[in-house]
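Notebook open, structure loaded. I want to look up what holds the ligand, then what empty space the protein has.

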Amino acid sequence: MIFTGKTFWITGAASGMGRTVAIELAKQNVKLILSDRDLVGLEKVALEIETMGSTVRIEQLDMMDTPSIFTTAKKVISDGEKIAGLYQFAGISQRSLVSETPIDNDRRIMEVNFFGAVALAKAILPHIIENGGGQFAGTSSLVGKFGFPYRSAYSSSKHALHGFFESLLAENAKFNIKVSMLIPGRVQTNISRFAITKEGKEHGEMDPGQTNGITAEKAAKLIIRGLKKEKKEIWVGGSEMLMLHIRRFIPRLYYYMARRIKPM
Ligand SMILES: NC(=O)c1ccc[n+]([C@@H]2O[C@H](COP(=O)([O-])OP(=O)(O)OC[C@H]3O[C@@H](n4cnc5c(N)ncnc54)[C@H](OP(=O)(O)O)[C@@H]3O)[C@@H](O)[C@H]2O)c1
């Protein structure tokens, strides 16, 4: 993917990896459309990017609100934006056991992480095809590749993203559509703070996994490098990524470890 001079839409752009990827992309002289539900956070990122000399358009978007996702996409397209890439980072995590998680929490996590991303991708796909093709990035997780304690709904939502985006690619590769799945391991962001507990409240803590993870800035560099190479999967993390090999090549060891690893 050649970035220069093109327009990219990034969700979850007010914080974490969405923010750092936006900043990293801005160095390539692009136009950015930034979305998040957090308008104040978006305005801060936009200001930071504008001072770097790039153009930014803000679209506040709640990924749980499907009708507004379609309306916003329609408005952006009818304003004449020519989107070359949709990179979706908006997401919420979970900290509760299967046995204690009310089904409404499962639905909420699926709404944001899966249906929100699906809705926006569907809303933009015909436009990107019409413009001669472009790139989609969906943000999965290590636990989008295997199950993990305290993450049943989160892990499910990330697994589902793989099915959706792989199918989207299979159907549309002939239209010059590229898809990259991002697989972050542990990255220093607020993801664990805003994770949902069994009561549906915020977990409120930065877990050791995140504290000891790579920085969001380093993650952004890995992501941009992978997107540039149009890699189908982009691994974003440190030694924890070894779990992908263990799950694939020594599944019995994974099952043994999954029962014992400290969940947070
Ligand atoms: N950090 C990790 O270790 C890690 C590991 C694996 C996968 N991931 C994935 O990476 C992606 C980015 O997360 P991050 O780590 O950068 O964490 P983050 O800083 O919490 O970023 C997530 C962003 O999504 C936004 N968001 C949440 N719910 C939303 C909604 N309903 N509508 C619109 N925006 C919403 C958040 O907005 P608010 O600020 O308003 O909450 C936040 O800006 C997520 O999909 C996450 O699952 C992260």
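I started with Arg37: one of its polar side-chain atoms lies 2.7 Å from an oxygen atom of the ligand. I count a polar contact as a pair of N or O atoms within 3.5 Å; within protein, one must be able to donate a hydrogen and the other to accept it, and residues adjacent in sequence count only if both atoms are side-chain atoms. Next came the backbone: an N or O atom of Met63's main chain is 2.8 Å from a ligand nitrogen atom, and a polar backbone atom of Gly185 is 3.4 Å from a ligand oxygen atom.

How much of the ligand does the protein bury? The ligand taken alone exposes 880 Å², and 96% of that is buried by the protein (Shrake-Rupley areas, 1.4 Å probe; for residues, only the protein chains shown count as cover).

Caveats for myself: this is a predicted model, where local features need pLDDT of at least 70 and side-chain atom pairs count only at pLDDT 80 or more, while totals for chains, interfaces and linings use all residues. Residues are numbered from 1 along each chain as its sequence is written, and side-chain values use heavy atoms, with hydrogens and water left out.

I then listed the shell (a heavy atom within 4 Å of the ligand). It has 28 residues, and the closest are Ser15, Asp36, Arg37, Tyr154 and Thr189. By class I get 11 nonpolar, 11 polar and six charged (Ala, Val, Leu, Ile, Met, Phe, Trp, Tyr, Cys and Pro are nonpolar; Asp, Glu, Lys and Arg are charged; the others, Gly among them, are polar).

Where does the ligand sit? It sits in the largest pocket, by the test that more than half of its atoms lie within 2 Å of the grid points. α1 (16–26) and α5 (152–172) are the elements that give two or more residues to the ligand shell (helices are DSSP H or I runs of at least four residues, strands E runs of at least two, numbered from the N terminus).

For open and closed space I used a 1 Å grid over the protein atoms alone: a cavity is a set of points where a 1.4 Å probe fits but cannot get out, a pocket is an open set with protein on both sides within 12 Å along at least five of seven lines, and lining residues have an atom within 4 Å of a point. The largest pocket has a volume of about 1,100 Å³ (points joined across faces, edges and corners; volume is the space filled by probe spheres set on them). Of its 47 lining residues, Gly91, Ser93, Tyr154, Thr189 and Ile191 are closest to the centre.

I also found one cavity of 30 Å³ or more. Met63 turns up again in the lining of the largest cavity.
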